[in-house]
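Student: Got a minute to go through a model with me? I'd like to talk about salt bridges, the core and the surface.

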Amino acid sequence: MSVITNPSTAEVPVRTRIWCTVPMVVCASFACLAQVSFASQQYAQDSAPYLWMIACVLVAIPSGLILLARNSYPQAVFWTACLLVVALPYDSLIALMALTSLLARRQGTKVTLRSVLAAATTTIWSQVRDALHPAEASIWHAIFSKPYTGVRYGNTMVMLVDERTIIASAVVVALIAVAIATLAGLHIRSRALARVAEAKAQSANEQVSRLRTTLDNQQLADAIAAEAHDTLAHSLSLLALNASALQAESRKLKAEAEQLGNANVAGMAGKIAGTTEDIRRQASGALDEAHSVIDMLRHPEDARLQLAANDAEASLTRDSLLQLIGDARAANMRIDTWIDVQQLGQLDESIGVIAYHVVQEGLTNVRRHAPGAPVSLQVDANPPQGVHVHVSNPTMPQSPSHMADTRKGAGFLVWPNAYSRLAEHANTVLTNITSSTLMYDYHGLGEHRTQP
């Protein structure tokens, strides 16, 4: 039984299982058939009232089927059942079942009082009507008759009580039946509301738990960001400052060596000055990246939106690759390309996004760690075989074993040593998406590693 509440219409929808619906339909139809069958005994077979009883029997057979609509239209079902019981010689069981369904599915004092009063009136009318019929055509008379008496036994029915007792008994039983139906409906409603309240409480507890977890995570991220700002950013700033100082001293040494006419020392000092400039520039770039990471830790929602926007703009198409290569060449990079992309409409979109970022990261690494060096870029994309990305420069050995490949994913090279974790992370992401084994080769500072 599933329960859903709708406060705006005071509804408590209760979906009853089929094993409960079938007995209700059968019992309601049988009760209507039983009372109309007894009522027909007072009429001759050739009379018009008897034909009316036959029509009532035909209507009584499918009458219980109206209970099938009690989930969607409980009020309409209830008032229809009351109308059938009042207009036709039917038992009130079908109206009592409809009353229980209505009280279980609708809240409100007016609805409850109105429906209970209507059900009580209908039930009393049905039972008293049967009690006022002749003895042979009344269920209540059959109940209070002496055993083995009546037309079926070839004699006159003998009553054990008087008529007033039979009518009073019919009224009392009718009121008891209404009370039982009312209590049953209210019990189902209260149980449904309790389940709804429990579900709301559970949802609130889960929300509180999620908020507490988010708060704890944010506090941890703030602590990490503060520590990174105090240590990592400070260390990088000192590194850039020391590199600048070393560069100044190297230039001073070069000038003094040139004045003394020592060309070797001047050349070595110039190389040291150039190297320290690279170190200073890289330290400055690392400091900017560190600040970006710290901002992402302090503002995770903004970072999530930014990353989602980057993924939305990235796609592995010929136009996007040409745009990326054009931007790299505009930054004074020398790039030799081989791009062969086919049937990209059949390629998984998530794989295309990751492959695009692989190319982007490879070109960025070359620009940062090998500025001015020529770059070779090869991109092969064919959905049946997969995506292959190869980025290299002349400072690295190139051979077939250096190329990363997969038949249903994407392969790539990442360097230098600082980006090994990024390669491992991207490898894991691609493996999860393509459900295939991904091989990648890592080359940096003489290190070679292959991970399946």
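**Salt bridges, core and surface**

Tutor: Start with D278 and R281, whose side chains meet in a salt bridge at 2.6 Å, N to O. Keep in mind that this is a predicted model.

Student: Where do D278 and R281 lie?

Tutor: Both are in helix α9. They sit three residues apart, about one turn of the helix.

Student: Is D278 buried, exposed or partly exposed?

Tutor: D278 is partly exposed, at 30% relative accessible area. R281 also falls in the partly exposed class, because its relative accessibility is 39% and the class runs from 20% to 50%.

Student: Which residues are joined into one network with R281?

Tutor: E277 and D278, through salt bridges that share partners. R281 pairs with E277 too, with the closest N and O atoms 3.9 Å apart. That pair also lies within α9, which covers residues 263–298. E277 and R281 are four residues apart, again about one turn of the helix.

Student: Why would such side chains pair at all?

Tutor: Opposite charges on side chains can pair when the charged atoms come close.

Student: How many salt bridges does the count come to?

Tutor: Four. One of them joins R106 and E11, with 3.8 Å between the closest N and O atoms.

Student: Which parts of the chain does that pair link?

Tutor: Distant ones. R106 is in the loop between α4 and α5, while E11 is in the segment before α1. They are 95 residues apart.

Student: And burial? Which class does R106 fall in, and which does E11?

Tutor: R106 counts as buried, because its relative accessibility is 10% and the cut-off is under 20%. E11 is partly exposed, at 22%.

Student: Switching to the core. How many residues does the largest nonpolar one have?

Tutor: It has 32. Those with the most contacts inside it are L67, F78, Y90, I94, A98 and L99.

Student: Which elements give two or more residues to it?

Tutor: α1 (18–39), α2 (48–63), α3 (74–87), α4 (93–105), α5 (109–132) and α7 (163–230). The largest share is from α4, with eight residues.

Student: Take I94. What does it touch?

Tutor: Leaving out residues up to four places away in sequence, I94 touches A28, C32, S63, G64, I66, L67, A81 and V85.

Student: What lies apart from that core?

Tutor: Another core, of 27 residues. Among them are A370, V379, V387 and V391.

Student: Back to α1. Is S29 there buried or exposed?

Tutor: S29 is in helix α1. It counts as buried, at 8% relative accessibility.

Student: What does S29 touch?

Tutor: A60, I61, P62, S63 and G64, again not counting residues up to four places away in sequence. S63 and G64 are also among the residues that I94 touches.

Student: Now the surface. Which residues form a nonpolar patch?

Tutor: I18, W19, V22 and V26. Together they have about 470 Å² of accessible area.

Student: What about V22, where is it found?

Tutor: In helix α1. V22 is partly exposed, with a relative accessible area of 46%.

Student: So α1 holds a buried serine, S29, and partly exposed V22.

Tutor: Yes. α1 also gives two or more residues to the largest nonpolar core.

Technical notes. Residues numbered from 1 in each chain as written. Predicted model: local features only at pLDDT ≥ 70, side-chain atom pairs only at ≥ 80, totals over all residues. Heavy atoms only, no water. Core = buried A, V, L, I, M, F, W, Y, C linked by side-chain atoms within 4.5 Å. Buried < 20%, exposed > 50% of the residue type's maximum accessible area, 1.4 Å probe, protein only. Contact = heavy atoms within 4.5 Å. Patch = residues over 30% accessible without salt bridge, like charges linked within 9 Å, V, L, I, M, F, W, Y side chains within 5 Å. Areas by Shrake-Rupley, 256 points an atom, 1.4 Å probe, with all protein chains shown as cover.
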